[in-house]
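Work through the exercises below with the sequence and the model side by side. Each task is followed by a solution in steps.

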Amino acid sequence: MSAKIIDGNAVADEIRKQVTADAAGLAASGRTPHLTAVQVGENPASKIYTNMQAKACESVGIEYELLNLPAEITQDGLLGKIAALNAGAGTTGIILQMPLPQQIDARKVQVAISPAKDVEGMHAENMGRLFYGGGAVAPCTPMAAVELLKRACPEMPTGQAGLAGKETVIVGHSEIVGKPIAMLLLQSLDAAPTVTVCHIATVDLAAHTRRAEVLIVAAGVSQARWGAYRRRKKAGEDVKVPDLAPLISAEMIKPGAVVIDVAINRIPKGFDENGEPVKNEKGKNAMKTVGDVDFQAASEIAAAITPVPGGVGPVTVAMLLANTVACMKAQI
Ligand code: NAD
């Protein structure tokens with residue numbers, strides 16, 4: 001079998017079109033959605049991310065503002081800024097850029113964002129609503145994973161009905177990905193899939209994944225192994241080159257399954273005899289971006305699969321835009 005490759009960019013385009021129409025409708029009534037990104041200190045990685053957010057917002061008619069705060073800001077100082085954004089009519093959505101400096105408790109700041117302006121769907125109140133069947137927003141990546149499943153899978157008719165009773169296994173139980181995916185999938189009272197959530201303490205992972213008609217993987221194992229190796233090697237420890245093979249091999253997948261790979265592992269392409277990553281033509285570490293699933297081999301036996309990159313990632317960005325519009329609508 002050769003799997004259908006689920007095209008995240010195409011699904012993201014469809015979502016962006018809808019968001020553009022919604023944002024234009026809101027703007028016509030004098031209420032253009034306005035997303036404020038809060039960044040504390042300078043961080044090259046988050047600069048790439050905020051540039052991307054700015055472009056994405058501009059492309060759909062959402063106003064975007066980057067609030068740069070000094071790295072030494074106190075917790076109270078930051079909470080004060082969030083309170084002002086919550087109260088201000090100009091900002092209709094707030095996103096908190098990670099990482100935050102050490103003196104800041106990220107969770108306390110996250111829950112200080114008004115649930116009505118929480119475009120990431122991470123506030124405890126919005127998470128709680130997921131449990132009760134869903135509010136205006138949910139976390140972006142889980143929404144993206146479930147949307148891909150519903151929209152782009154030929155084996156599942158679009159909509160929840162196609163998933164009814166399907167053996168669905170999620171690998172990963174984090175608060176921002178695995179658990180909310182389970183909650184989203186369980187929202188239907190009479191047409192939900194049967195959901196199993198696996199995690200680091202799961203005893204026989206393959207036994208679960210092999211019976212999954214729908215397999216959703218969000219563990220980031222190769223990246224974690226590479227990170228641990230790099231840290232220990234830097235500290236001068238005598239460590240072995242880690243096994244960076246994908247967590248999910250083809251043998252762990254049920255023939256005909258639908259596979260959604262949420263993971264993003266940025267890992268070296270290989271190692272030299274000294275255990276250092278091989279270099280590219282610029283003399284830097286030659287890196288690759290892969291998921292948790294052995295994509296090539298899995299494509300031979302799955303019915304449909306998301307690639308990494310080009311699967312869940314682009315839809316996650318589109319979902320941030322959709323949430324920004326949804327927050328604005330809910331505020332009205
Ligand atoms: P996390 O580290 O918070 O959670 C990892 C989860 O995987 C945990 O539940 C852990 O128990 C489980 N796990 C770890 N090793 C395992 C193993 N050997 N077997 C079974 N389960 C195991 O990570 P996260 O924030 O949930 O992110 C998960 C992955 O999703 C990462 O690769 C991350 O980069 C990716 N991600 C992608 C997007 C996107 O936009 N596509 C967004 C967020 C996260």
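**Exercise 1.** In which helix is glycine 178 found? State also whether glycine 178 is buried or exposed, and list its contacts beyond the sequence neighbourhood.

Solution. The model is a predicted one.
- Step 1: Glycine 178 belongs to helix α7, which covers residues 178–185.
- Step 2: The relative accessible area of glycine 178 is 0%. Buried means under 20%, so glycine 178 is buried.
- Step 3: With residues up to four places away in sequence not counted, glycine 178 touches Ile170, Gly172 and His173.
- Step 4: For glycine 178 and glycine 270, the separation is 92 residues in sequence and 29 Å in space, C-alpha to C-alpha.

**Exercise 2.** Describe the chain as a whole: its secondary structure, its extent and its radius of gyration.

Solution.
- Step 1: The chain has 11 helices and 11 strands.
- Step 2: The C-alpha trace spans about 55 × 55 × 35 Å along its principal axes.
- Step 3: A compact globule of 332 residues would have a radius of gyration near 20 Å, and the chain has 21 Å, so the two agree.
- Step 4: Of the 332 residues, 46% are buried.
- Step 5: Among contacts with a separation of 6 or more, 76% are between residues 24 or more positions apart.

**Exercise 3.** What does the chain expose, and how are its charges placed?

Solution.
- Step 1: The exposed area is about 15,900 Å², and carbon and sulfur atoms supply 55% of it.
- Step 2: The chain carries 32 positive and 33 negative charges.
- Step 3: The mean positions of these two sets of charges are 2 Å apart.

**Exercise 4.** Which domains does the domain assignment give, and how far apart are their C-alpha centres?

Solution.
- Step 1: The assignment gives domain 1 as 29–117 and domain 2 as 139–315.
- Step 2: The C-alpha centres of domain 1 and domain 2 lie 29 Å apart.

**Exercise 5.** Where is threonine 306 placed, and which residues is it in contact with?

Solution.
- Step 1: Threonine 306 is in the loop between β11 (304–305) and α11 (312–331).
- Step 2: Threonine 306 has a relative accessible area of 1%, so it is buried.
- Step 3: Leaving aside neighbours within four places in sequence, threonine 306 contacts Ile6, Leu148, Val259, Ile260, Asp261, Phe295 and Gly311.
- Step 4: Lysine 4 is 302 residues from threonine 306 in sequence, yet their C-alpha atoms are 8.6 Å apart in space.
- Step 5: The loop between β11 and α11 also holds proline 309. The peptide bond joining valine 308 and proline 309 is cis, with omega about 0 degrees.

**Exercise 6.** Start from serine 46: what is its helix, and which residues does it contact? Then look at the peptide bond that follows methionine 98.

Solution.
- Step 1: Serine 46 lies in helix α2, residues 44–60.
- Step 2: Serine 46 is buried, with a relative accessible area of 5%.
- Step 3: Apart from neighbours within four places in sequence, serine 46 is in contact with Gln39 and Met98.
- Step 4: The peptide bond from methionine 98 to proline 99 is cis, with omega near 0 degrees.
- Step 5: Proline 99 sits in the loop between β4 (93–96) and α4 (106–110).

Key:
Residues numbered from 1 in each chain as written. Predicted model: local features only at pLDDT ≥ 70, side-chain atom pairs only at ≥ 80, totals over all residues. Heavy atoms only, no water. Helix = DSSP H or I, 4+ residues; strand = E, 2+ residues; numbered from the N terminus. Rg over C-alpha atoms; globule rule 2.2 N^0.38 Å. Buried < 20%, exposed > 50% of the residue type's maximum accessible area, 1.4 Å probe, protein only. Contact = heavy atoms within 4.5 Å. Areas by Shrake-Rupley, 256 points an atom, 1.4 Å probe, with all protein chains shown as cover. Lys, Arg positive; Asp, Glu negative; His and termini not counted. Charge placed at Lys NZ, Arg CZ, Asp CG, Glu CD. Domains from an automatic or database assignment.
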